[in-house]
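Grab a pencil and work through these exercises with the structure open beside you. Try each task before you read its solution.

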Amino acid sequence: METFGLWIAALLTLGIMSFLYKDNPIYKFCESIFIGISAGYWFVSLFWQSMYPRLYLNIRGAISTLLHEGRISDDRWLYLVAGILGVMMLLRLVPKIGWISRWPLSFIVGSTAGLYFITYLQSNIMNQIRSTIIPIYVPGNLGISISNLIVFVGVFCGLVYFFFSREHKGAFGGAAKVGIWFLMITFGASFGFTVMSRMSLLIGRIDFLFGTWLGLIK
Amino acid sequence: MKKTKFIILIIPLILIFFNLSSPQEKPVPLPPTEVKAFDTPNDNGHSLSVTWKLSPDDGAGKNNVVAYEILRAESPKEEFEVRGMVPSGENLFDDKGSREKEDKNYLPSHKNYYYKIRAKADNIFSESEVSNPAFAYGQWYHTGKTPVLAGVIIFSIFALTFITLARKGKKLYIRPLPGIEAVDEAVGRATEMGKPILYVLGLGTAADIATIASFTILNRIAKITAEHRTTILVPCYDSVVMAAAQETVRAGYLEAGRPDIYKEENVFFVTSMQFAYVAGVNGLMLREKPATNFYLGKFYAESLLLAETGSIAGSIQISGTDEIAQIPFFIAATDYTLIGEELYAASAYLGKEPVLLGTLKAQDWGKAVVIICLILGALAASFHFQFFLNLFRVQL
Amino acid sequence: MRRTLPFALVTGVGFFMLVQYFVPKEEFEIAYEWILDWTIVIGCFAMLLGLWSLTRVNISKVQRKTPGWGYSLIAIAGMVFMLLVGFIPGQKSLERGSTFMLLFEYIYIPIQATMFSLLAFYIASAAYRAFRARTVLATILLLSAIIIMLRLVPLGPLSEINQWLANFILTVPNMAAKRAFWIGVGLGVTATSLKILLGIERTYMGRD
């Protein structure tokens, strides 16, 4: 079984890699299998990991409590609300009452908007301001003073670059230009970092083909 | 004689031996005093805190205190249970309980508890007096989050002010953005070539603000494509996003007065697995050969795969994301890139509605306030005024 | 009803989520957790919509015999097969060693890993194209990328200088620009969220 699985994995690997040459029937076959299998996998894992324990088991537990203990006060009944909202989502498939699916959609969007309004204000703004409040001049330490000054200038100019309601002209334009230079340094650093990790992924695949499958690399 | 000498020699040796082997009596440390129990502030009502005055033998006197043990009971006469330990030198302990009744660590609200502190020196200890009774209760307001509340109020004032000004007809200037200016040209190109437009919302869910920002842009572009009678294809990663995208595109076609040419199957679900989604979209790009590709939303490692394949297919590509790690790839592989906040500003650029321009102005004022805070903060830090730094300290 | 109630829901739930951040009380904490839980359950139901969409699009291609309809058939077959295997009575599908997980391990994982590894090739072609641009900005990006890439490569006497330069870039200008970026994004998200809560942003709801 394992050998068969290994051969399947290796052939599919080669099939996907053939895309580097050009789009071809083998790649298209692998792509179709990939999409179908992934959609099926995603639904099954979502069902067993989320839907089943959260909805089915909880509602079943609440019903069991009602039947055996005669007790209706059970928090688990609240999962019925989620179930109802979920069914409303499915009503999208019925054209005449499809507008009902806006309710669960609004629920999701509203909860996200409220939460992110606060969390981004705290993490992206407050925390970043706090981290950037650094002394420009540190007596006796020229190196740190210069570093802190560069950080301050970088943040200042970067923020100026993102101003939308003023044209980038004159001194303002100059600061914005410095800002985009700082941003390009960051993007270059990200790029450089990522190159190494992507190369290691390729090495992993080569190792699988030549080592695990063909046994040429020990 | 020899026997006597032997006894005289051996007895002291025996006495020395016993003296060395029996442990010396270690002195008991003095107990901590002034034990005070109180409700832990800014919590959900299931935590108590205890503070005490350090034992005189902690860091002074006999200097033999190694740790403090915190004990709790429901009444002074009941048996106390150990709740935790802190090293010597510390005089505060948060007794965090659970709110679940089934949990072993359950600490109910509004129930009195008593505390004692043990000053420990290896295996010996001394105990303090029993503390005052204290009960836990939840607060209505978390004082540690006041800086965030201030931020909410300030930003909301800016937003509402500029929205009001914009509604009154005040003209608000916005500088040109190359990525947005290229949209009309990009859609026009697709119309001339008779090829579709591909719009990729990214891997975000409907719970991502970047995706919601992208919906606004999608609506505008759908309206333009409807006016030009160009096909727009929207492959979706998430089912909820697909549902919202279908509503968005349909609304765009309605606004353009062309609901008859809207096709729901053009806004479809692919799969919810990252690289399978990419494989599907790549295949779509190579087969349909769209004239223009839009990548606007949340992207991760797949960004380069999408952008490069689109480049191979010969499409004009406009991208935008708030994921900083993916922007270099979009810059390298696409024609125009909206960097970070520009993605959120794009809807205002495309629609030019006063209300949207007003919030853009509020964002700019927000940045101005941040810059002022940074300048003042740098000066405060340089002159060691710690209070300014504390203004931005958020306790969670 | 069609738009008023959804709008009320957005504003109501949204403002509750905003307020609960400042109110530590247990009841607010519990309500917050319920809302997050319900969102997950709704997402599970929405997945059925996704599967329906995928099936419909591919079956339509098969029925119309559009070019490449055979691949649509393969995609549907793959999905149906996975669904059948995933719901075999009595078998724990997500357990290691099950048929379902073997299919995932020998089909999905290798393809995913290979797709990921294609990035190594694409990153090279993207870099070539970008750095051909010969603008000041492309040059800065290129230089910064090269310094970071070479920091782990032994360069003899130049290693120390490169390491220092790489470290400086990462801790000083890189950090500065990232902070400006994050602050900008934070303001953008905050503004967009406020627009949603106030009902200014409603495109996701569509129109009648």
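## Exercise 1: Chain C against chain A

In this predicted model, 104 residues of chain C are in contact with 107 residues of chain A. Your task: work out how much area the two chains bury and what kinds of residues chain C brings to the contact.

Step 1. Start with the area. Chain C and chain A bury about 10200 Å² between them, and carbon and sulfur atoms give 83% of that.

Step 2. Look for charge pairs. There is one salt bridge across this interface. The partners are R54(A) and D37(C), with 2.5 Å from N to O.

Step 3. Add the polar contacts: 13 residue pairs qualify, with both residues at pLDDT 80 or more.

Step 4. See where chain C's side comes from. The elements that give two or more residues include α1 (4-20), α2 (26-64) and α8 (173-197) of chain C.

Step 5. Sort that side by class. You should get 80 nonpolar, 16 polar and eight charged residues.

## Exercise 2: Two domains inside chain C

Find out which three residues supply the most area that domain 1 of chain C buries against domain 2 of chain C.

Step 1. Mark the domains. The assignment gives domain 1 (1-88), domain 2 (90-130) and domain 3 (131-200) in chain C.

Step 2. Take domains 1 and 2 of chain C. Their C-alpha centres lie 24 Å apart, and the contact takes six residues from domain 1 and seven residues from domain 2.

Step 3. Check the buried area: about 550 Å², with 69% of it on carbon and sulfur atoms. The trio you want is M82(C), V85(C) and I88(C), which together supply 77% of the area on the domain 1 side.

Step 4. Finish with the pairings. The rule finds zero salt bridges between these two domains and one residue pair in polar contact, both at pLDDT 80 or more. On the domain 1 side, five residues are nonpolar, one is polar and none is charged.

## Exercise 3: Chain B against chain A

Which element of chain B gives the most residues to the side that touches chain A?

Step 1. Size up the contact. It takes 70 residues from chain B and 56 residues from chain A, and about 5600 Å² is buried, 73% of it on carbon and sulfur atoms. On the chain B side, R175(B), L374(B) and F392(B) lose the most area, together 12% of what that side buries.

Step 2. Count the pairings. There are four salt bridges between chain B and chain A, plus 16 residue pairs in polar contact with both residues at pLDDT 80 or more.

Step 3. Go through the helices. Those with at least two residues on this side include α2 (146-167), α6 (274-288) and α10 (354-382) of chain B. The winner is α10(B), with 15 residues.

Step 4. Split chain B's side by class: 45 nonpolar, 12 polar and 13 charged.

## Exercise 4: Following the salt bridges

Trace the salt bridges of R287(B) and K367(B), and say for each residue whether it is buried or partly exposed.

Step 1. Begin with R287(B). Its side chain meets that of E31(A) at 2.8 Å, N to O. R287(B) also meets D23(A), at 3.9 Å, N to O. That second pair crosses from helix α6 of chain B to the loop between α1 (2-17) and α2 (25-69) of chain A.

Step 2. Check accessibility. R287(B) has a relative accessible area of 40%, so it is partly exposed. D23(A), at 23%, counts as partly exposed too.

Step 3. Move to K367(B). It meets E341(B) at 2.6 Å, N to O. K367(B) sits in helix α10 of chain B and E341(B) in helix α9 of chain B, so this pair ties together parts that are 26 residues apart in sequence. Both K367(B) and E341(B) are buried.

Step 4. Find K367(B)'s other pairing. D364(B) and K367(B) meet at 3.4 Å, N to O. These two are three residues apart in helix α10 of chain B, so about one helical turn separates them. D364(B) is buried, like K367(B).

## Exercise 5: The surroundings of Y122(C)

Is Y122(C) buried or exposed, and which residues does Y122(C) contact?

Step 1. Locate Y122(C) in helix α5 of chain C.

Step 2. Apply the cut-off: buried means under 20% relative accessible area. Y122(C) has 6%, so it counts as buried.

Step 3. List the contacts beyond four places in sequence. They are F19(A), L304(B), L305(B), E308(B), T309(B) and I312(B).

Methods. Residues are numbered from 1 along each chain as its sequence is written. Chains are lettered from A and ligands numbered from 1 in the order in which they are written. Side-chain values use heavy atoms; hydrogens and water are left out. Contact means heavy atoms within 4.5 Å. Buried area is the accessible area (1.4 Å probe) that two parts lose on being put together, summed over both. A polar contact is a pair of N or O atoms within 3.5 Å; within protein, one must be able to donate a hydrogen and the other to accept it, and residues adjacent in sequence count only if both atoms are side-chain atoms. Helices (H or I, at least four residues) and strands (E, at least two) are DSSP runs, numbered from the N terminus. Ala, Val, Leu, Ile, Met, Phe, Trp, Tyr, Cys and Pro count as nonpolar, Asp, Glu, Lys and Arg as charged, and the others, Gly among them, as polar. Domain bounds come from an automatic or database domain assignment. Buried means under 20% relative accessible area, exposed over 50%, partly exposed in between (1.4 Å probe, protein chains only).
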